[in-house]
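Biologist: Before we go through this chain, could you show me the sequence and the structure together? I would like to take the charged pairs in turn, and then look at the strands and the surface.

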Amino acid sequence: MAPGKGTGNSKVDLEEELKAIVLADSFDELFQPLTLNRPRCLLPLCNVPMIEYTLEFLSSSGVHETILICKSHSEKLQAYIKQSKWGHGGHSSMKIRIKVARTAESVGDALRDVDNDPSLRSDFILCTGMVVSNMDLSRLVAAHMANKRHDKDHIMTVLLKEASQTHRLRDKSDETVYLIDPSSNKLLGINSLPSLPRPKHISIQTDVVMSCPEIEMRADLVDANVYICSLPVLALFTENFDYQTMSRDFIHGILASDLLESAIYTHILSGTSTLAFEGTNSHNGFDSFGELDASTTAEAELDFISHSGYAAGVIDTSAYDAISRDLIGRWAYPLCPDSSPVDGSTYSYNRGCVYKAQSVFLGRESHVDRNVVLGPESHVADFARVSEAVLGARCHVGEYSVVRGSYMFNDVTIGKGSTIERTIIGERVVVLDNVVLERGCIISDDVTLGPNVRIPAFTYIARKRPQSTNGFSDDDMDSYSDEESDGDDRQYQSASSVGHRSHEDADNNGAANTSNSAGIESFDTGALGSAGVGYVWSKINQSSDADNNDDDYTADIEDVKLRLLRTIGSSFADIEIAETELRDDASDGGLSTDQEQATESISSMEIFERELRLTIARAFEKNHSVEDAAFEISNVRLSYNGDQNDMRRIVIQEILGNINLDELPGSAKKVLSRWGGIIQKCISSRIEQVDAIDIVERYCALDPTVDDDLRSRLFRQTIPLLYEFDIVEDLAVIAWYNKAIDKPSEKVSHELVQKIEVFVDWLNESEDEASDEDSSNNGASAQSSEESDDE
C-alpha cells in the first residue's frame, strides 16, 4: 500500500464530510460528433442533461462536496452549473467545485491532477459524470470505511451490476470475467479482453487459486462506473503512470501486482439483500463488514446492506440507448421522465410508458406507440408514427414519417415521408422529405439532410469538417473552435461509415469539403442530398484488401469493429468476422474442425431464434411476470438485432405450444389469459394484429406437434380468446377473414377459415349494432339541436 494517505484513524475518517470526485470528461471519442459543441455530460438523456442524474445521485447519498474534473468545453460546464440549482444561488446543500485538467489525456491523468487536493482527507466516491443511479450509497460508504478495520489493505469498493449475456447494458465489445471470493466479496482478479478476436480461455494466477478455498468466476457482471475509494487510490495513480483507465489498467494492475498488497472489494447489485453486522458502539452505526469474531458478534445486531437498486454508466451510444429504455420503462424508478431531477418541464405518464410534456400536439391520425417521451411543444403530424423514441423540445415529425428507437435533441424537424431508425440526432437538425436514416447513424447539431436520400447505417455526420481522417477525442474540442471549422483552408477528407464508401471514393470527393473559388462552403451534397448541409465524417472501411498484410492496418480494422459494436443499433451480424477471430489456435484448445463447421453453419437468425425460444421457456419455467418476460424478450431482440416480425412469430408459437391440447378449451384460456400480454406487447398496430392471426393460422395448420384432428378445434378456440383478452381487435379479425375469403391463397387453410365464420358473423353483427346506435344518437342530437334552434 502506498504510504502517507489513508493510514489515519477510521473514526476521524468517518467524521469527515463525504466528498465525491466526478470525471466529467470521457477521454474517448465514442460520442463524436455529438460532443463537438458541448461536453458529453451535458448531452440530454430523456431530455435531462446526464450530469444532473449523477449530481442528484451523489446528493441523495449524503455527499457534501463534489469535485468536477473536466477538460473540454469547461466554460460551458461552468456556466451550466452556475445557472443550475447546484450553483451558488441554488437551493442544493451539496457544494460543487470545478477543476479544469487542461493537460489530462486519460482517467489516470485526471486523478493525478487531484491527488494533492488538500480538501480530500478521507474516503470518497469516484464516478463519471454520466452515471444514472437510484441508490443511496451512504450506508455502503460507511460499510467500506468500517471494513478497513477488518482489512487494513482495503482501498476500494467497486459497484457491479448483474447482467446476463443478452442484457442490453452489456458492452458487446468487451468480455470481462471477475474472480471473486464469495465469502467476503473480495475481488481476486479481473480479466478484461476485447470480444474480437473471440477469447476462448483466460489466465488465472496460481496464487489466486491457492489463496481461497472457493472462487467465483463471474462473467455476468457489468461495471457501474461507481467506486468508493480510500486516499491511497490517488497516490497509486500518481506513482504509476501506466494506470490510464480504471478497470483494465488500475484494478487489473493492483490485483496482478506482486509488490502491492492493496485489496479491492465488490458490491454486486442483484435485486436481493445481504446480511451485515452493525455494531452498537461504533461510529455511524458500523463496526465491521463481513464476518465477525465471537466477541464482536455478542455486541452486534443484524442490519441489511441492500443489493437492490439501479446503477449504470453511459459509456457509449449503445449504453445511451439501453439506459434511456430503462428510464422510460421505469426500471430505475423513481428515476423516470415524469419525476425529472431538473426543475422545469413536467411530464404526464400515460399508458404504455408514454410521457407527454406541456403543449404537445398530436395529429388526430398520428400514432404514438409505447415507450415514448414527447418534449415540450413537440408536434407529431397526421399519419406519422413514433415508437420507442425520445423527442426533445419543439421537435416536429411530419406526415407519414416514422421514428423508431431514436433520440432527437431540441428543435429537430423531420419532413414528410421520412424514416428514422435507431439514430441519435443533435439539436436544430432538419431532415427534409423522403429521407431514410438507417440504424446506428449519429447526426450532430445544425445539419440538414435531404431531400430524397438514404443515409447508410452507422454514418456519422456533422456540420463541421472532420479535423482528421482518424477522428479525435471528445476532449480535444477546445482546440476545435467554430472559427477553425469554418475558415480553415486545410484539405479534409470525407467518407461514409464502415463498409459503405472506399478510401478511393473519399479521395475523389475530398474537394467537396472545402470552400469553392467563390468562397461559398461546399457540403457533401452527394451523400446528404441536394439541400444537404454538413459533412460525412471519415471512418476506416472494415473491408480490407486481401493483399494488405500490414499489422497496423489490421489492428485499425479491429478497432473499428469494436467501436461499431459500441454503437446504437449494432450487433455482431453487422461486422465481418474472420474465421481466426471466432476461435483460438488448435494448440490452445480451440474448436475442432467439425465444431468450426457447425459454428459457421449457424446463421445470426438461427442464433437469435434459439436464444429467444430459450428465454421464453425460462419465463414459463420460472413463472415470470408478463412485464419481466417482455423485458427479457425485448433484450434478446436488441442484442441480436432481431426483426420485430420474427420476434412476434416466435413468441406466438411458443405460447401456443404451451397449451395442453388434451385439455381444450380450458388449457387454451388458461395459457392465453396468463401469457397473452406478451403477445400484446409485440403488437403495435392493426396490421400487426392481422399478422398475428396469420401466425396463429399457420401454427394450427402446419405445426407437427398438433394432431390433425385437433387443428381446427385449436384455431376455432384461439381466435375468440385473442379477441376476449384484447390482443386483437374485432376489425383485425374481420379484415383477416375477409382477405382469406376474397383472395383465396394456398398459404391459408380454408378449413380453418370456415371454423371461425360464426364468430366473424357475430363480430359483424355487433359492429352493425354499434354503428346503428351511434347513428341513432347522432340523429337524436341533431333533432335536439334543431328544436333548440326553432325555440
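Modeller: Please keep in mind throughout that this is a predicted model. We can begin with R711 and D708, which form a salt bridge.

Biologist: How far apart are the closest N and O atoms of R711 and D708?

Modeller: R711 is buried, because its relative accessible area of 14% falls under the 20% limit. D708, by contrast, counts as exposed at 63% relative accessibility. The salt bridge therefore joins a buried residue to an exposed one, and the separation of its closest N and O atoms is 2.9 Å.

Biologist: In the salt bridge of E697 with R698, which residue is buried, with a relative accessible area of 0%?

Modeller: The closest N and O atoms of E697 and R698 are 2.8 Å apart. R698 counts as partly exposed, because its relative accessibility of 27% lies between the 20% and 50% limits. The buried residue, at 0%, is E697.

Biologist: How many residues apart are D691 and R648, and where does each of them lie?

Modeller: The side chains of D691 and R648 meet in a salt bridge, at 3.1 Å from N to O. This pair links distant parts of the chain, with D691 in helix α21 and R648 in helix α19, and the separation along the chain is 43 residues. As for exposure, D691 is partly exposed at 27%, whereas R648 counts as buried, with a relative accessibility of 1%.

Biologist: Why is strand β13 largely enclosed by the rest of the structure?

Modeller: One side of β13 carries A263, Y265, H267 and L269, while I264, T266 and I268 lie on the other, and all of these are buried. Strand β8 runs parallel to β13 and is joined to it by seven bridges, with L160 opposite I268; strand β10 pairs with β13 in the antiparallel sense over two bridges, with L187 opposite I264. The strand is largely enclosed because the number of its seven residues that are buried is seven.

Biologist: Which residue of helix α6 belongs to the nonpolar surface patch of about 410 Å²?

Modeller: The patch is made by I204, V209, M210 and M217. Helix α6 covers residues 206-211, so V209 and M210 both fall within that range. M210 counts as exposed because its relative accessibility of 67% is over the 50% limit; the residues asked for are V209 and M210.

Note on methods: Residues numbered from 1 in each chain as written. Predicted model: local features only at pLDDT ≥ 70, side-chain atom pairs only at ≥ 80, totals over all residues. Heavy atoms only, no water. Patch = residues over 30% accessible without salt bridge, like charges linked within 9 Å, V, L, I, M, F, W, Y side chains within 5 Å. Areas by Shrake-Rupley, 256 points an atom, 1.4 Å probe, with all protein chains shown as cover. Salt bridge = Lys/Arg side-chain N within 4 Å of Asp/Glu carboxyl O. Helix = DSSP H or I, 4+ residues; strand = E, 2+ residues; numbered from the N terminus. Buried < 20%, exposed > 50% of the residue type's maximum accessible area, 1.4 Å probe, protein only. Pairing = 2+ DSSP bridges.
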